[in-house]
Structure formats: structure tokens, C-alpha cells
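Student: I'd like to zoom in on one part of this and really understand it. Could you pick a spot, go through it slowly, and explain the terms as you use them?

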Amino acid sequence: MDPRVIVVTSGKGGVGKTTTTSNISVALARAGHKVVAVDADIGLRNLDVMMGLENRVVYNFIDVLEGTCRLNQALVRDKRVDNLFLLPAAQTRTKESVNSGQMEELCDMLRKEFDFIILDSPAGIEGGFRNAAVGADEALVITTPEVPAVRDADRIIGLLESMGKGPIRLVINRLKPRLVKEGEMLDVRDVLDILAIDLIGIVPEDESVVKSANRGEPLTFSDSAPAAQAFQRIASRLVGEDVPFPVLNDENGRGILAGIRKLFGMKG
Amino acid sequence: MAMEFLKKFFGSAGSKKVAKERLQIVLIHDRADISPEMLENLRRDMISVITRYMDIDTSKIEMDFDRADRSVAFVANIPVIRIKRGVAPEKQEPGTSNGGEKAYSKRKSGQPG
């Protein structure tokens with residue numbers, strides 16, 4: 001299999017890029033793929049804490065690009081699962097410390113070592129985002145079913161398309177089945193009507209996401225939480241498995257049909 | 001339960017409907033990426049060109065962006081009052097409607113806008 005470089009992005013901040021990056025990276029590694037999760041958010045790094053690896057960070061990818069260390073010195077191996085690595089961002093540098101040529105160079109180095117290179121993009125549409133996306137082949141766009149997040153996702157999709165990235169697939173995060181059922185939240189079909197890209201996953205609002213971030217243990221290390229299962233399914237769809245979209249339950253255990261029409265039209 | 005069911009079917013209430021409509025409108029402008037000022041200039045220029053050929057009701061012009069997936073069409077609805085005769089292209093002969101080459105390239109100026 002050719003290595004796949006995937007940028008996880010959203011435009012808007014706080015919709016779940018880092019959560020998605022850490023969870024699908026863990027899920028892919030658990031499925032036996034060799035994975036590196038790259039924190040492309042220079043100056044505001046968070047992927048290390050989300051993955052619980054912050055105490056083991058020594059170097060970062062700017063050190064690699066500047067020749068301060070070798071790639072394998074900067075990679076932090078996750079001891080909880082084989083084949084999972086973190087490549088941290090520099091915390092005390094700015095986004096202007098690297099250029100797009102260097103980011104492409106970095107991705108090319110990683111392609112030689114890994115099956116999956118998952119890049120956690122910073123929020124925004126400026127240089128930091130472009131640097132995260134430039135070396136990627138494909139993209140996961142994260143949104144929540146809310147007006148500002150969907151609007152920003154639309155902008156980001158336009159930019160990714162103009163950069164020639166593809167496939168660009170959508171993750172709808174933090175969906176609240178009860179609100180959807182009451183007609184008080186955009187449903188999956190609404191979001192797909194508006195954004196018109198393929199859907200790869202729906203993640204329900206789940207308190208265990210907060211707890212897992214507190215502990216630095218991505219949810220996909222265990223299998224029970226609803227969000228864990230959702231991220232697990234995204235990872236499976238990423239490798240081409242045909243995983244159906246299940247009915248999401250609200251707090252009372254009542255289900256909603258999550259998207260109906262377009263879901264069946266999508267492929268892998 | 002029954003109410004919820006009915007609500008869902010008749011689509012009354014529910015802030016999601018508002019959310020979707022607002023998004024659709026805001027995205028038309030985002031995607032078209034055109035400022036109100038530019039739009040006004042376009043309107044003025046369009047009127048000046050069109051009125052060389054016909055009288056139009058400028059008070060009833062509708063201009064809008066039409067959206068299909070990720071592409072946007074600019075649609076203008078311009079009520080025509082009267083077609084002017086004097087500006088018809090010189091070489092156009094009545095009856096030859098197979099106009100492969102339309103006479104738009106004709107140079108003619110001096111018609112006051």
C-alpha cells in the first residue's frame with residue numbers, strides 16, 4: 001500500500017481536529033498500520049497532551065527540518081500500541097518558522113517510514129493551515145452541526161479543492177441526537193446538502209471525550225464509548241472498509257436516522 | 001410523542017430550519033466572494049450596456065446568485081420595456097436565424113448610453 005498523507009482540518013477552532021487526529025491514529029495503529037500523528041500546530045501544540053505523550057517530547061519536527069536532530073530522534077513512540085508515533089510541533093516557535101517547501105520535504109521523509117501520516121492542522125485559513133495541507137494528499141474536514149463551524153468548513157473545503165487535495169471527506173462531530181430529533185440541530189443531511197462532500201463519519205456528543213482528554217488516553221484505546229466506536233468506524237472507512245452508518249441513540253435510547261439518503265450513495 | 005412526530009413531518013418550529021436557511025444564504029455570498037460595492041458597480045455597468053439596446057425597467061431588476069453544489073451562477077432578471085431599433089447590427093438579414101457567427105463583433109459606438 002502506498003503511504004497516505006491525510007490532513008485533519010476544519011477552519012474553525014474547537015470542533016475536534018486534535019481529538020479526531022489522536023483517535024483515528026490510535027485506531028489505525030491498533031488495526032496494524034504504521035502511523036505517525038503529526039502536530040502541525042506550531043506554537044500551540046496540543047496533540048502531545050491529547051495523546052498523553054507530553055512528558056516524552058524531546059525534539060520536534062522543526063528540529064528535524066533544521067538538522068538539529070534526526071527524524072527518529074524526534075518521533076515519540078507510543079508504548080501502548082505498536083506502530084504508533086507522534087511527531088510534535090515546536091511550542092516556542094511561530095508558524096512562520098517553516099515554509100511550505102519544508103513541510104513537503106517533511107511529509108516525503110515520513111512517507112518512507114509510515115503507512116499513514118495524519119497531520120493535525122491549526123485552525124484558520126492562513127499559513128499554518130496551508131503548511132499543514134501542502135504535503136497532504138487527502139483531507140478530513142471536521143465540523144460540528146452548527147452554523148459557524150459549517151460555514152468555516154465550506155471555506156476550508158474550497159481552499160483544499162483549490163490546492164488539489166482529494167478525496168476531501170467530512171466528519172460531523174458532536175452531533176446531539178436528542179436535539180436533532182427535536183429539530184433544534186442541523187442533521188447530517190442538512191450539513192451534507194450544504195457542504196456537498198462525502199461523509200466519512202458521524203461522532204455523537206459524548207462526555208467520555210472530555211474524560212479521555214483529561215487522562216491523555218485517546219478513546220479508541222478502549223472500545224466502549226459511543227464516540228470511540230464512531231472514531232473506530234472512521235478509521236475502518238479510511239482503509240476502505242464498507243462500514244454502515246448506525247442509528248445514533250439519544251439519552252433515552254431512542255434512535256434517530258442519522259442521514260438517510262446520501263449516506264447510502266457514498267462510497268468507502 | 002405524537003406531537004414530535006407531527007412536528008417532524010410538517011417541519012414547523014425547530015431552530016435547525018433557521019440555521020440551514022441562514023447558512024445557505026451566507027454561503028452564497030461567501031462562495032461568490034463579491035463585495036456589495038462590486039455588485040453595485042456590476043449593476044450599474046450592466047444597465048449602461050443593456051440600455052444601449054433596449055429600454056428596461058431599472059427599478060425592477062433582480063440580481064442574485066444561484067447555487068448548485070459548489071458552483072454559483074449569477075442570475076439577473078431584467079424586465080424589458082422596449083427593444084431599440086437603431087442599434088441592430090448592420091449585416092443581419094431577416095430570416096437567417098442559423099447565425100453561427102452572431103454580429104456581436106460589430107464595432108459601433110456613439111450611441112449615447
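Tutor: Let's look at how one helix meets its neighbours, then check a few loops and put it all in context.

Some ground rules first. This is a predicted model, so local features need pLDDT of at least 70 and side-chain atom pairs count only at pLDDT 80 or more, while totals for chains, interfaces and linings use all residues. Residues are numbered from 1 along each chain as its sequence is written, chains are lettered from A and ligands numbered from 1 in the order in which they are written, and side-chain values use heavy atoms, with hydrogens and water left out.

Our spot is helix α7 of chain A, residues 147-162. Helices here are DSSP runs of H or I with at least four residues, strands are runs of E with at least two, and both are numbered from the N terminus.

Start with one partner, helix α6 (residues 127-134) of chain A: its axis comes within 11 Å of the axis of α7(A), and the two cross at roughly 50°. That angle makes α6(A) oblique to α7(A). (Under 35 degrees is roughly parallel, over 145 roughly antiparallel, 65 to 115 roughly perpendicular, and the rest oblique.) An axis is a line fitted to C-alpha atoms, for helices over the stretch in contact, and the angle between N-to-C directions runs from 0 to 180 degrees. The crossing of α6(A) and α7(A) is right-handed; that label applies when the near helix is turned clockwise from the far one by less than a right angle, and anticlockwise would be left-handed.

Which residues do the touching? From α6(A) come A:Phe129, A:Arg130 and A:Ala133, and they meet A:Ile156, A:Leu159 and A:Leu160 of α7(A). Contact means heavy atoms within 4.5 Å. Sorted by type, the residues of this contact give 5 nonpolar, no polar and 1 charged. (Nonpolar covers Ala, Val, Leu, Ile, Met, Phe, Trp, Tyr, Cys and Pro; charged covers Asp, Glu, Lys and Arg; the others, Gly among them, are polar.)

Now the other partner, α9(A). Its axis and that of α7(A) come within 10 Å and cross at roughly 35°, and this crossing is right-handed too. On the α7(A) side you'll find A:Val150, A:Ala153, A:Asp154 and A:Ile157, which meet A:Val191, A:Ile194 and A:Leu195 of α9(A). The tally for that contact is 6 nonpolar, no polar and 1 charged.

Next, follow the chain out of these helices. The loop between α7 and β7 (168-175) of chain A holds A:Pro167, and the peptide bond from A:Gly166 to A:Pro167 is cis, with omega near 0°. After α9, in the loop that leads to β8 (198-204) of chain A, sits A:Ala196. A:Ala196 isn't a glycine, yet its phi is positive, about 50°. Those two details are worth pausing on, because most residues other than glycine have a negative phi, and most peptide bonds are trans. A:Ala196 counts as partly exposed because its relative accessibility is 27%. (Buried means under 20% relative accessible area, exposed over 50%, partly exposed in between, using a 1.4 Å probe and protein chains only.)

Just before α9 there's another loop to see. A:Gly183 lies between α8 (177-181) and α9 (188-195) of chain A, and at 15% relative accessibility A:Gly183 counts as buried. Not counting residues up to four places away in sequence, A:Gly183 touches B:Gly14, B:Ser15 and B:Lys16, so here we meet chain B.

Finally, step back. Chain A has 12 helices and 10 strands, and 57% of its 268 residues are buried. Chain B comes to 3 helices and 4 strands, and 14% of its 113 residues count as buried. Along the sequence, chain B reads α-α-α-β-β-β-β. For accessible surface, chain A has about 11000 Å², with 45% from carbon and sulfur atoms, and chain B has about 9100 Å², with 54% from those atoms. (These areas come from the Shrake-Rupley method with a 1.4 Å probe; for residues, only the protein chains shown count as cover.)
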